[in-house]
Amino acid sequence: MTHSSEAIARKPLFFGWWQVVVALLVQAVATGTIAYSYSVIVVPLAGEFESSRMTLMLGMTTMTLVGGLLSPWLGASIDRFSLKRMMLIAAVSLGLGFIALSLINGIWQMPLIYAVFMSVSSVILGPLSASTLLARWFSKRRGLAMGLAAMGTSIGGFLFPPLLQFLIDSYEWRTAFRLLGTVVILVLVPLIALLATDWPAQRQLYPDGDDAPPVQAEGDTATRYDSVRAILRERNFWTIALVMGVLFSTYSMLLSNLAPFAIGSGATAEQAALMISIVAVMGLIGKLLFGTIADRVDLRFGLAGSSTLLAMGLLCYLGNDNFNLLLAGSALVGLAAGGMLPVWGALMAQAFGVGSYGRVMGLMNPIIMPFNILSPPLAGAIFDRTGSYQLTFVLFSTLLLLAACTLPLIKLKR
């Protein structure tokens with residue numbers, strides 16, 4: 001064995017991959033407990049306080065609105081202060097939020113708790129921090145790293161709802177919420193404290209584990225988006241926000257209405273659940289696939305692929321009661337949805353650089369937020385008026401293809 005091969009064999013695992021583990025697990029816990037477990041949480045609250053369906057949904061609404069309003073400030077803070085410390089604060093806040101939820105004596109307190117505790121945690125422990133952290137640690141393999149970390153959202157959605165339901169069935173709901181809050185703190189705080197590291201330089205490393213810093217594009221260090229005005233004047237910012245708004249709103253619309261649509265098309269409740277499961281499973285595959293591809297192709301092609309696959313999935317649903325085609329549509333939707341986060345994260349890093357990543361991402365979130373809030377009720381309103389989801393699928397497919405046509409407006413440094 002040569003000396004060079006011995007050196008390669010002894011080379012330790014790049015510490016950046018531990019940041020991928022942190023980002024994956026943090027997103028799994030936050031997304032799994034907040035978003036995916038929400039419907040499990042409201043069931044015992046509805047029985048306890050005899051609340052209307054609309055009142056029960058206010059928790060998610062207030063959290064989304066407050067999180068969107070705080071996102072620009074939190075994004076700027078991530079660039080200025082220690083990301084690790086902010087993640088620790090958010091982890092404690094998330095756990096305390098569930099403990100506080102176990103103490104309520106009126107349903108009006110639930111949206112208040114979600115606005116105060118869960119809103120900050122959902123932003124800091126979500127894609128904003130995960131993408132910022134990995135954009136700092138990776139350059140050449142950034143897409144793969146973000147794709148692997150994004151799998152955490154699907155894993156959390158798979159694990160935490162049944163876990164929480166088991167706790168509720170085994171104990172009464174107040175005890176279950178306290179146990180969940182305690183588990184969240186005991187899992188996330190040590191994980192973040194031991195492994196999370198803001199920058200590779202803090203461990204005398206360079207991105208990707210290279211022996212030298214990455215070569216930056218000409219003018220990259222001179223152009224810093226360190227003010228809101230500078231960001232809002234950038235065409236890339238608005239183009240990316242528009243495309244991602246259409247992508248996320250389409251996915252949000254579809255997830256909210258997929259089961260009613262499937263049953264209305266002749267599927268059984270079990271078949272509708274299978275369609276949702278296929279979306280989730282293919283989402284895992286899509287995150288890994290698109291994350292890998294993102295390191296090898298123009299990232300605009302990645303977004304174009306995601307938009308096209310999502311439009312094709314909707315077209316499979318169009319005027320069709322063939323269950324096999326409905327399953328094919330769900331597979332395409334899952335693949336497309338899986339590609340959104342890793343491609344978006346890598347594209348933002350290439351378009352705006354790493355130094356202002358948190359600020360730009362944080363400012364973009366409230367612009368995307370109205371798309372997500374409005375699309376599910378819009379689909380419901382169209383169904384109420386026409387008795388069908390067909391017009392909805394045509395509308396959103398058209399929007400997706402139009403959004404894909406705007407991608408050449410995004411200018412990227414080589």
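## A salt bridge to start with

The side chains of R300 and D298 come together in a salt bridge, 2.6 Å from N to O. The term covers a side-chain nitrogen of Lys or Arg within 4 Å of a carboxyl oxygen of Asp or Glu. The structure holds one salt bridge, so defined. R300 is partly exposed, with a relative accessible area of 22%, and D298 is partly exposed too, at 25%. Here buried means under 20% relative accessible area, exposed means over 50%, and partly exposed is in between, with a 1.4 Å probe and protein chains only.

Before going on, a word on the model: it is predicted, so local features need pLDDT of at least 70, side-chain atom pairs count only at pLDDT 80 or more, and totals for chains, interfaces and linings use all residues. Residues are numbered from 1 along each chain as its sequence is written, and side-chain values use heavy atoms, with hydrogens and water left out.

## A nonpolar patch on the surface

V281, I285, L289, I293, V297 and F301 make a nonpolar surface patch of about 520 Å². Patch members have over 30% relative accessible area and no salt bridge; nonpolar side chains (Val, Leu, Ile, Met, Phe, Trp, Tyr) are joined within 5 Å, while like charges are joined within 9 Å. The areas come from the Shrake-Rupley method with a 1.4 Å probe, and for residues only the protein chains shown count as cover.

Helix 13 (residues 269-294) gives the most to this patch, with four residues. Helices (H or I, at least four residues) and strands (E, at least two) are DSSP runs, numbered from the N terminus. V297 sits in the loop between helix 13 and helix 14 (299-317), and at 36% relative accessibility V297 counts as partly exposed. Helix 14 is also home to T308, which is partly exposed at 34%. The C-alpha atoms of T308 and L399 are 11 Å apart, although 91 residues separate the two along the chain.

Helix 13 has a buried side as well: V279 is found there, and V279 counts as buried at 4% relative accessibility. V279 touches Y251, L255, L258, S330, V333 and G334, leaving out residues up to four places away in sequence; contact means heavy atoms within 4.5 Å. From V279 to A337 is 58 residues in sequence and 8.3 Å in space, C-alpha to C-alpha.

## The nonpolar core

Now for the inside. The largest nonpolar core has 126 residues, and I240, Y317 and W344 touch the most other members. Helix 15 (residues 323-352) gives the most to this core, with 18 residues. Such a core is a set of buried Ala, Val, Leu, Ile, Met, Phe, Trp, Tyr and Cys residues joined through side-chain atoms within 4.5 Å.

Take I240 as an example: beyond residues up to four places away in sequence, I240 touches W344, L347, M348, A351, F352, M364 and I410.

## Helices 3 and 6

Helix 6 (residues 83-101) has 19 residues, which should span 27 Å at 1.5 Å a residue, and its end C-alpha atoms are indeed 27 Å apart. The expected span is 1.5 Å times one less than the number of residues. Among the buried residues of helix 6 are L83, M86, M87, F98 and L101. Their cover includes helix 2 (16-36), helix 3, helix 5 (58-80), helix 7 (109-124), helix 8 and helix 10.

Helix 3 (residues 38-49) has twelve residues and reaches 16 Å from its first C-alpha to its last, close to the expected 16 Å. Y38, V40, I41, V42, P44 and L45 are buried in helix 3. Right after the helix comes E50, with a positive phi near 50°.

## A few single residues

T132 belongs to helix 8 (residues 127-137) and counts as buried at 0% relative accessibility. Setting aside residues up to four places away in sequence, T132 touches I78, P127, Y357 and G358.

A176 lies in helix 10 (residues 173-195) and is buried, also with a relative accessible area of 0%. Apart from neighbours within four places in sequence, A176 is in contact with L167 and I168. The C-alpha atoms of A176 and Q165, eleven residues apart along the chain, are separated by 8.6 Å.

Q204 is found in the loop between helix 10 and helix 11 (228-232). At 70% relative accessibility, Q204 counts as exposed. Q204 is not a glycine, yet its phi is positive, about 55°.
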